[in-house]
Amino acid sequence: MTPFSASYSPPDTEIAARLLGAAPLSAEADARIDARATRLVEAIRAESGGLGGIEDFLREYSLSTKEGLALMVLAEALLRVPDSATADRLIEDKLSSGDWTHHEVKSRALLVSASAWALGLSARIIHPGETPENILESLGKRLGLPAVRTATRQAMRLLGSHFVLGQTIEEALSRAGGQREFRYSYDMLGEGARSGDDAVRYFKSYADAIAAIGAAAGNAKLPDRPGISVKLSALHPRYEAISRERVLEELTPQVLELARLAKAHDLNFTVDAEEADRLELSLDVIGAVLADQSLAGWDGFGLAVQAYQKRATAVIDWVHDLAEAHGRRLMVRLVKGAYWDTEVKRAQERGLAGYPVFTRKAMTDLSYMACVKQLLAARPVLYPQFATHNALTVASVIEQAGGLEGYEFQRLHGMGEQLYDALLREQPQAACRVYAPVGGHRDLLAYLVRRLLENGANSSFVSVAADPAVPVSTILKRPQAWIVDARDARHRRIPLPRDLYSPERINSAGVEFGDRETLTDLISAVHLAMPRAAVAAPLVNGHALEGLRRAVTSPIDGSTIGHVVEGDAALAAAAMSAAAAGFPAWAAHSAVMRAVMLDRTAVLFERNRDTLLALLQQEGGKTLDDAVAEVREAVDFCRYYAAQARKTLAPERMPGPTGETNDLVHRGRGVFVCISPWNFPLAIFTGQVVAALVAGNAVIAKPAEQTPLVAAYAVRLMHEAGVPKTALHLLPGDGKVGAALIADARVAGVAFTGSTEVARLINRALANKDGPIVPLIAETGGINAMIVDATALPEQVTDDVITSAFRSAGQRCSALRLLCVQEDVADRVLDMIEGAARSLVVGDPRNIATHVGPVIDTEAKDKLDKWIANRASEGRVRFQRERITPAGGTYVAPAIVMLDRASDLKEEVFGPVLHVVRYRAGELDALLNDIAASGYGLTLGVHSRIDDTAEHIVARLSNGNVYVNRSMIGAVVGTQPFGGSGLSGTGPKAGGPNYLRRFATEQVVTVNTSAAGGNASLLAEGE
Ligand SMILES: Cc1cc2nc3c(=O)[nH]c(=O)nc-3n(C[C@H](O)[C@H](O)[C@H](O)COP(=O)(O)OP(=O)(O)OC[C@H]3O[C@@H](n4cnc5c(N)ncnc54)[C@H](O)[C@@H]3O)c2cc1C
């Protein structure tokens, strides 16, 4: 079988045209659907307000309100807060952030009342007519928070038990035993293994569950037998597209073994569908597992297909072919999809050409029905399993199928009960399977949040069906009738990723690594794009000048990848003269004109992306993902500063008395020296240069001595874009060249990114000169901390710590250096982080599976190695990844170093070394004092579900970029303007609205318009 392949995010219109063009049903068929769906909706409505309907609960706390969100956060966090003090603060915080008053207990549904109570105040304590808000206040006083806490936990457990069939498989099996009219598919809670140990634990729990389910399965035949649902993300710590080879090698045998166990009991074994970027990978694994002859003769293997994905019908075609190729029947669960919001956000973040999912709910429904048709037609090669809680969808499926034979419905435990009870009353022969999560509360979270989010959404069927204010006719409106015209297939208020900043500018284009074809093409294009004889020479007025020639070597393997001709004091003087001479002509252009050249540079960067990527990899040692992100950042800088120039540098008419005009204009200062670092040899280099240029300055750019080739190529593209060669000059070289430039009397300003120490030297050198005091815009280092309290989600913390500390081999200014974890959760969190760090691949970044590439050079490596060795001699190294060091390269394996106090870390350790301190719940302020005492103020991370805590920390520390509940790297131009305070920099922030003006001087031109004989315009005013 060829691997699955389909366009990742094709235009919606094309698909809509195809789906809308399908033959309509007859009027009679439509009438039958209406009648059945109406009966089902009415049954749902009649039942709501009865016992325990979670739908009532969700409607009561609609997620568009603050309460809904606060509730989710509370449910999510409280389940795992180990210490009482934090739990109390969390409860207080959430109860005060919601407006509970209008949620008087009006529904009789058990769950609604239980949750409204309390969020936990138990029903015994509360009297009718009282609101949780006033009750809480008095109750808190009378009973104290501990009692409220206990009650709240109880309510959370109630919520949990509503969605979870049992904490153990035995408990779940016995509960299911009482519901003989349903088939079951058990789901062992837990997903997204972060470490090899997690994966082993989940594997065991699946294997044990299969044995237990098998033992209790009875004698019925498939499909009328129970089953198990498996998430592949639970079985491998790096279940991601870039780790494809490793996943196929390591995960396939695991899945195969579980499938064999399921086969031994003739169970239904379904692979759940997860995020879109993992679709190809999951189908690769499934294809490989199914090819194994040991599964022959078993018809229980299945997978879930998400209709909200644009590739849904292509997946079904592929699965159909797969089943035929192996001569086996496969079971296919058709769902609409549970990760919609995540998919939309991810596509926006990655700057994709389109979305992999539909953006209108009706398109998802339309796609679902197209898949239904396809699956029904594929019977008996495929056994369709229609998973939905939507009455219209159910009625449409039955009509499409012409009866109830040869397929089953599925619902989630705790949802869709009234719907399927009504259906089974009407049609006892209908088959329905319940997806039944099993597990402890600790693993419930991700699942619970998805259920609450998805079903609380305004567009979701469960929320409208239970709302009597919505007429049944609206519920019955067909997706075709919502869409009508294929041109309206996309949601109007969800812009395409490239239009995110529209109309000001277009977003930079990114790459989806989960799309194999795109990724493969990119890898080979980058391979071919590396310039054969790359040279970076001083460029003065566009002429390449001679000087000291030296080889440029790659940190990947030490090989020579080009040459640099370095400047000296004489060349610095020559560049300065040329730049000073070029300045007036360039400054005479309008800002709008100069901005055009930035926009053109952006286009040329994107057009020559592959060469830039190759250089970034070879010269900077970057992984492909980092390199793509860097090119995007550079492109964004160009377009953002162009847009800002049009906005903020344009002449501005100032208000004033009549008879005169007052115009504020911005002018270039003269010659700007831009000194950039090696860690973002393209993005920071470009950001400085184009900002200085667009503000009207001539520029001498001095790139880092480690990375002149990228810089030289970027300058070439800027010249090609129309920036005059007399305005932009390049001077490669070391610190001495920089010092020579700075010392020149003609310098009108300096933009510098690098160490605090060098920034100080530059500052002193500038101050020592006579003549005008010129601006220094410096971005320097930081001892960046992340504070994690006990309410944080350990899995999320782990992801964000690994990304923040180890991505780019820790060589970002923003990287996490100091992790501060609350004592109560520290062991668990650190174990998880260590496990995740263990699963990272360190090595040649040209290998797509590599997570951590080399550090920049031998000097950096030696310094880091020495630092780690010294900490090891103090017994402080908790973990270091075993060394996998390709010959000749400068690799440092990620390490975790334990410290006693935050103040023990006194310097910026610029590499993949994570320092960790533990703090006690009551000692947060002391910790903040320690962090502040370093004097740095660049990035700061906070992981807490308590808004109060996050606000408190933000108020106490003045770091330039604060990230709450996410990673702390990857600032986006124009979204997260970047730069710190204190020892971390002067500001203004790069990629922010205040940056450009610092590069310009201001001039106000006042003209007395009445000087030449009277104020004509005033006199011309009418009555
Ligand atoms: C038995 C069972 C197993 C499941 N297994 C999986 C699984 O393996 N993987 C998985 O992802 N999900 C799974 N789900 C969850 C499933 O995706 C949701 O429950 C389902 O989408 C709800 O569909 P519905 O027909 O009940 O609701 P409806 O309310 O009719 O539809 C909700 C769907 O519309 C989508 N939607 C909402 N707004 C928009 C919009 N603006 N544009 C496009 N689409 C939109 C939502 O994302 C959701 O998919 C499973 C569900 C069941 C019942």
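Colleague: How should I read the accessibility of a side chain here, and what does Asp925 count as?

Modeller: This is a predicted model, in which local features need pLDDT of at least 70 and side-chain atom pairs count only at pLDDT 80 or more, whereas totals for chains, interfaces and linings use all residues. Residues are numbered from 1 along each chain as its sequence is written, and side-chain values use heavy atoms, with hydrogens and water left out. A residue is buried under 20% relative accessible area, exposed over 50%, and partly exposed in between, with a 1.4 Å probe and protein chains only. Asp925, at 37% relative accessibility, therefore counts as partly exposed, and Arg956, with a relative accessible area of 33%, is partly exposed too. For the chain as a whole, 59% of its 1023 residues count as buried.

Colleague: Which residue does the side chain of Asp925 meet in a salt bridge?

Modeller: Side chains of opposite charge can pair when their charged atoms come close. The rule for a salt bridge is a side-chain nitrogen of Lys or Arg within 4 Å of a carboxyl oxygen of Asp or Glu, and Asp925 satisfies it with Arg956, the N to O distance being 2.9 Å. Because Asp925 belongs to helix 34 (residues 924–933) and Arg956 to helix 35 (residues 947–956), this pair ties together parts that are 31 residues apart in sequence. Helices are DSSP runs of H or I with at least four residues, strands are runs of E with at least two, and both are numbered from the N terminus; the chain has 36 helices and 30 strands.

Colleague: Which residues do salt bridges with shared partners join into one network, and how many salt bridges are there by this rule?

Modeller: The network consists of Arg350, Asp625, Asp626, Arg807 and Arg812, and the rule gives a count of 56 salt bridges. Other pairs lie within one element or beside each other in the chain. Lys345 pairs with Glu349, their closest N and O atoms being 3.7 Å apart, and because these two stand four residues apart in helix 14 (residues 340–349), about one helical turn separates them. Asp610 pairs with Arg609 at 3.4 Å between the closest N and O atoms; Asp610 has 23% relative accessibility and counts as partly exposed, and Arg609, at 25%, is likewise partly exposed.

Colleague: How do I read the internal cavities, and how many of 30 Å³ or more does the structure hold?

Modeller: On a 1 Å grid over the protein atoms alone, a cavity is a set of points where a 1.4 Å probe fits but cannot get out, and its lining residues have an atom within 4 Å of a point. Points are joined across faces, edges and corners, and the volume is the space filled by probe spheres set on them. The structure holds nine such cavities of 30 Å³ or more, and the largest has a volume of about 160 Å³. Its lining numbers 19 residues, with Ala273, Glu274, Leu279, Ser282 and Ala304 nearest the centre. Helix 12 (279–290), strand 4 (301–306) and helix 13 (312–326) are the elements that give two or more residues to this lining.

Colleague: What is the make-up of that lining by residue class?

Modeller: Ala, Val, Leu, Ile, Met, Phe, Trp, Tyr, Cys and Pro count as nonpolar, Asp, Glu, Lys and Arg as charged, and the others, Gly among them, as polar. The lining of the largest cavity has 11 nonpolar, three polar and five charged residues. The second largest cavity has a volume of about 120 Å³. Gly620, Gly621, Lys622, Ser808 and Gln811 are the closest to its centre among its 15 lining residues, and this lining divides into five nonpolar, eight polar and two charged residues.

Colleague: Where should I look for backbone geometry worth checking, and which peptide bond before Pro380 is cis?

Modeller: Most residues other than glycine have a negative phi, and most peptide bonds are trans. The bond from Arg379 to Pro380 is cis, with omega near 0°, and Pro380 sits in the loop between helix 15 (361–377) and strand 6 (382–387). The bond from Gly987 to Pro988 is also cis, with omega near -10°, and Pro988 lies in the loop between strand 29 (981–982) and strand 30 (1000–1008).

Colleague: What is the phi of Asp266, and where is this residue found?

Modeller: Phi of Asp266 is near 55°, a positive value in a residue other than glycine, and Asp266 is in the loop between helix 11 (244–264) and strand 3 (268–271). With a relative accessible area of 31%, Asp266 is partly exposed. Asn965, which is not a glycine either, has a positive phi of about 55° and lies in the loop between strand 28 (961–964) and strand 29.

Definitions and conventions. On a 1 Å grid over the protein atoms alone, a cavity is a set of points where a 1.4 Å probe fits but cannot get out, and a pocket is an open set with protein on both sides within 12 Å along at least five of seven lines; lining residues have an atom within 4 Å of a point.
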